[in-house]
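Good morning, colleagues. I would ask you to look at the sequence and the model on the screen, and I shall then take you through a few of its features.

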Amino acid sequence: MGLRILGAAVDPAADGRLRLVDSPAALCAWIVEKFWSWTDSGGDLHRVITRDELLDNLMLYWLPGTGASSARLYWESLRQVNEWISGPAGAPVTVPTGCSVFPKELQRPSRRWAERRFPNIRYWNEPGKGGPFAAFEQPALFVDEVRSFFRLVR
């Protein structure tokens, strides 16, 4: 199967709709590949996410039939986010802001860019582990990050 989300991405609406909605094996392969390649696991995915957790996650896409629409969201948004964080900051967002930039994030904005876009950054941290699924792969660390920000703004 091999839908590639980054690089030479395949439009999942064109190629993936049938595979990700009609084949649990294809959906499983697609989701596990994303976790395997994106998670900060040091090459051992099951060190941070168990097989049962992966199966639970898979079922959230399989049962309602949302595999292709989820893939499409990634396909459409990743390119846009890359453009945002590499270009001009745009109109400032002035609400109190907290940023945790995990080391294996797919997009890692610089603090300099973030401060132009979010001039009221109250909390900035770059934890030593975690990736785009930080709440799933490092739940205690993620909770600590959220609490650290909200302690500053309550």
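**Salt bridges, a buried glutamate and a pocket**

A search of the whole structure finds three salt bridges. I should say at the outset that the model is a predicted one, and I shall take these three pairs in turn.

Let me begin with Glu-33 and Lys-34. These two residues form a salt bridge in which the closest N and O atoms are 2.2 Å apart. Glu-33 counts as partly exposed because its relative accessibility is 24%, while Lys-34 counts as buried because its relative accessibility is 5%. The line between the two classes matters for this pair: buried means under 20% relative accessible area.

The next pair lies within a helix. Glu-115 forms a salt bridge with Arg-111, and the closest N and O atoms are 2.8 Å apart. Both residues belong to helix α5, where they are four residues apart, about one turn of the helix. Glu-115 is partly exposed at 38% relative accessibility, and Arg-111 is partly exposed at 34%.

Then there is the pair of Arg-108 and Glu-126, whose closest N and O atoms are 3.4 Å apart in their salt bridge. Arg-108 sits in the loop between β1 and α5, and Glu-126 in the loop between β2 (121-125) and α6, so the pair ties together parts that are 18 residues apart in sequence. Arg-108 is partly exposed, with a relative accessible area of 38%; Glu-126 is partly exposed as well, with a value of 44%.

For orientation, allow me a word on the overall arrangement. The chain contains seven helices and two strands, and along the sequence they follow the pattern α-α-α-α-β-α-β-α-α. Of its 154 residues, 32% count as buried. Among contacts between residues at least 6 apart in sequence, 70% join residues at least 24 apart.

I turn now to a charged residue of another kind. Which side chain of opposite charge is nearest to Glu-137, and how far away is it? The answer is Arg-47, at 7.9 Å; Glu-137 is buried yet has no salt bridge. The reasoning rests on a cut-off: a salt bridge requires a side-chain nitrogen of Lys or Arg within 4 Å of a carboxyl oxygen of Asp or Glu.

Where is Glu-137 found, and what does this residue touch? Glu-137 belongs to helix α6, residues 134-137. Setting aside residues up to four places away in sequence, Glu-137 touches Thr-39, Asp-40, Val-48, Ile-49, Gly-130, Gly-131 and Pro-132.

Val-48, one of these contacts, deserves a closer look. Val-48 lies in the loop between α2 (24-38) and α3 (51-62), and is buried, with a relative accessible area of 12%. Val-48 and Glu-137 are 89 residues apart along the chain, but their C-alpha atoms are separated by 5.3 Å. When neighbours within four places in sequence are left aside, the contacts of Val-48 are Thr-39, Asp-40, Ser-41, Glu-53, Phe-136, Glu-137 and Gln-138. Thr-39 and Asp-40 thus appear among the contacts of Val-48 and also among those of Glu-137.

My last topic is the largest pocket. About 440 Å³ of space lies in it. The pocket is lined by 19 residues, and those nearest its centre are Val-81, Ile-85, Glu-105, Gln-107 and Pro-109. By class, the lining divides into 15 nonpolar residues, three polar and one charged.

Which elements supply at least two residues each of this lining? They are α4 (67-86), β1 (97-100) and α5 (111-117). The largest share, six residues, comes from α4.

Let me close with Pro-109, one of the residues nearest the centre of the pocket. Pro-109 is placed in the loop between β1 and α5, the loop that also holds Arg-108. Pro-109 is partly exposed, with a relative accessible area of 22%. Not counting residues up to four places away in sequence, Pro-109 touches Ile-85, Val-101 and Trp-124. Of these contacts, Ile-85 is itself among the residues nearest the centre of the pocket. From Pro-109 to Asn-82, the distance is 8.9 Å, C-alpha to C-alpha, with their positions 27 residues apart in sequence taken as a separation.

Key: Residues numbered from 1 in each chain as written. Predicted model: local features only at pLDDT ≥ 70, side-chain atom pairs only at ≥ 80, totals over all residues. Heavy atoms only, no water. 1 Å grid on protein atoms, 1.4 Å probe; cavity = no way out; pocket = protein on both sides within 12 Å on 5 of 7 lines; lining within 4 Å. Points joined across faces, edges and corners; volume = space filled by probe spheres on them. Nonpolar A, V, L, I, M, F, W, Y, C, P; charged D, E, K, R; others polar. Buried < 20%, exposed > 50% of the residue type's maximum accessible area, 1.4 Å probe, protein only. Lys, Arg positive; Asp, Glu negative; His and termini not counted. Contact = heavy atoms within 4.5 Å.
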